[in-house]
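Please find below a colleague's note, arranged as numbered points, to be read with the sequence and the coordinates open beside it.

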Amino acid sequence: MSNVKELLKEKLTTENYNRLKALDNPKLHEFITDAIELTAASSVSVFTDSEEDRKYIRELAVKNGEEIPLDITGHTCHFDGYNDQARDKARTKYLLPAGSDLGESLNSVERRAGIEEVRSFLKDSMVGREMLVCFFCLGPLDSDFSIPCVQITDSPYVAHSETILYRPGYEQFKKIGSSPHFFRFLHSEGELENFVSKNIDKRRVYIDLEEDMVYSVNTQYGGNTIGLKKLALRLAIQKASREGWLAEHMFVLGAHGPGGRVTYFTGAFPSACGKTSTSMLPGQTIVGDDIAYFRKNDGQIRAVNVEKGIFGIIRDVNPQDDPIIYEALTSPYEVIFSNILIDDAKKPYWLGMGSELPAEGTNHSGKWHKGKKDSNGNEITASHKNARYCLNIPDLSNRDPMLDDPAGVPVGGIVYGGRDSDTWVPVEQAYSWDEGILIKGACLESETTAATLGKEGVRTFNLMSNLDFLSIPLGKYIQNNLDFAEGVDNPPLIFSVNYFLKNEKGKYLNGMADKLVWILWAELRVNGEAAAIETPTGMIPVYEDLQKLFKDHLGKDYTKSDYELQFTIRIPENLAKLDRVEKIYREKVSDTPKILYATFAKVRDRLNSAGEKHGVNISPFDLAG
């Protein structure tokens, strides 16, 4: 490599060079210099935390054609390529040294070969373009949770998205001095055609765990390019494992109990299982909707939202079901829509928004009309099913005042939820931390829907809703969670929830709004203000407590019949679940902690004993007696 200082002086304007010089970090300078040489960028812009710099990025995204201004001030729309609208799981791989192994569940490629391949795609990728060097911070600023990050990209859309989603990091880099401990992301959208990435066959997202670095090329979709999101989560999980904390795919919610009390919950849910709607429960406050870091401080577990914004699925966001999000999306805040439909007046539309969609307009396929089909004869919907919005949490009316607290929030409860038609009851508390991790988190499954895969009810295993993002062996990840309660005076209570329980005719037993009651009951349990009934799998509410919560918070009469149907313990289904999940661990996870099998056996014995005494379907009233 050429002399770092000389090359930077040659490629950067005086202003940009001085901005880098103010960050006295040799590793950072070498990273940027290598990126300049590799991509052959025609110019380089280095961004500080100033509003002026943020404005430059916003305007560049429009000038370059990556974003289109919409009818409301502050709103823009971005389109990804027709075949670049989701995370590319097949081409997202860990770079591992020869002989290393994370287990068969995790996608990897030999490190040297992978780096050579992805760098060959990045070579000269920024000829004629401006390289954007941006600094961000994962977690609150000036905190034990803070992880400084540098993102290099040629996409102003990616940079703009990150200015909304993440806290600024230029000043944070000044404070870390020459420390080598920061995350690095290098992205190029590659050759463009009609403003979108052209060479999708050469799309790669490679994660170098040894170097805390991510390469991304020939893609624009946020999940493949916004480095600080799920790509950084993979780096953070390994860092957390080394250092004794946790990085989780969880929301952080402030649940408001009696007398103005706020109890903080975190929760992990696979896709389409109610994660975002739980984080946005009416009357409660949101800290974060997606990723949380956990640390221990003075005998207490505390958590932060890694982000300050939301990159959410917009489908079915409407004023009835999501009034707070809908209000933000229709107000003059800074919002990026992606892959929705816009009409000639630059008004945005999306599936399930609660109003009629126009018969024609512009979407990710170009000019669109109702009934338009793609080259394979598939109908192109007005808005993509994975269309997104990107907004600031501080712009939401239900934002929690602890969002940016450097100490994080004290965690009172942890919730695991999945799409489950016939097994888990609507809410249940685990007997202990270990049983919560193993029977609730490590057993997490979600059923597919007919709308997504064409076959309904196929159960997919998703360990703590983090399976796609793990960068350490599964058994090690479970053990880290088990060990995390050591030295904690009162570990958070762990709950399971299930919003999708059905009767034998396939009808849902829960209403959409009922989830508020399940969380508020959990809040009471954390604070010792609600009774519970012991079951073979955990502790469930007594009827009278739920009856009061439904009346007070939903204005709804909750009948004993509803309660009995919802909280019946289904012995065969619970046993089958244990068998399914245990088979996965025995066949695919060689380092499974032995305590998992012992705990499964203990719960299995409790289920069999209860079944012998009460029958295969046990009424909660029988257990209460």
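**Notes on the predicted model**

1. D316 is partly exposed, with a relative accessible area of 43%, where buried means under 20% relative accessible area, exposed over 50%, and partly exposed in between, using a 1.4 Å probe and protein chains only. The phi of D316 is near 70°, a positive value in a residue other than glycine, and D316 sits in the loop between β20 and α11 (323–329). Helices (H or I, at least four residues) and strands (E, at least two) are DSSP runs, numbered from the N terminus.

2. This is a predicted model, in which local features need pLDDT of at least 70 and side-chain atom pairs count only at pLDDT 80 or more, while totals for chains, interfaces and linings use all residues. Residues are numbered from 1 along each chain as its sequence is written, and side-chain values use heavy atoms, with hydrogens and water left out.

3. N339 also merits a check of its backbone, since this residue has a positive phi of about 65° although it is not a glycine. Most residues other than glycine have a negative phi. N339 lies in the loop between β21 and β22 (341–342), and at 0% relative accessibility N339 counts as buried.

4. Five strands form an open sheet of mixed pairing, in the order β2-β3-β21-β26-β20, and two strands are taken to pair if DSSP finds at least two bridges between them. The edge strands are β2 and β20 (309–313), each of which pairs on one side only. At the β20 edge, five bridges join β20 to strand β26 (residues 388–392) in an antiparallel arrangement, with G309 opposite N392 in β26.

5. At the other edge, strand β2 (residues 68–69) pairs with β3 in the antiparallel sense over two bridges, and I68 stands opposite C77 in β3. The hairpin of β2 and β3 has five residues between the strands, and G74 in this hairpin takes a positive phi near 95°. On to the next neighbour, β3 and strand β21 (residues 335–338) pair in the parallel sense over four bridges, and the bridge partner of H75 in β21 is V335.

6. Which way do H75, C77, T76 and H78 point from β3? H75 and C77 point one way and T76 and H78 the other way, and all are buried. In a regular strand the side chains alternate between the two faces of the sheet.

7. The second largest pocket holds about 360 Å³ of space. Of the 23 residues that line this pocket, the closest to its centre are F79, E193, N194, V196 and H364, and the elements that give two or more residues to the lining are β3 (75–78), β11 (196–197) and β24 (360–363). On a 1 Å grid over the protein atoms alone, a pocket is an open set of points with protein on both sides within 12 Å along at least five of seven lines, a cavity is a set of points where a 1.4 Å probe fits but cannot get out, and lining residues have an atom within 4 Å of a point. Grid points are joined across faces, edges and corners, and a volume is the space filled by probe spheres set on the points.

8. A search of the whole structure finds six cavities of 30 Å³ or more, and the largest cavity has a volume of about 70 Å³. Among the residues that line the largest cavity are W424, K440, C443 and N574. Each of α12 (433–441), α18 (571–588) and α19 (594–614) supplies at least two residues of this lining, and α18 gives the most, with three residues.

9. Zero disulfides are found in a search of the whole structure, a disulfide being a pair of cysteine sulfur atoms within 2.5 Å. The sulfur of C390 is 13 Å from the closest cysteine sulfur, in C77, and therefore too far for a bond; C390 is buried, with a relative accessible area of 2%. C443 is likewise in no disulfide, and the nearest cysteine sulfur, that of C273, is 15 Å away. At 1% relative accessibility, C443 also counts as buried.

10. In helix α17 (residues 560–567) the buried residues are Y563, Q566 and F567. They cover an arc of only 80° around the axis, which puts them on the same side of α17, the arc being that of the directions from the helix axis to the C-beta atoms.
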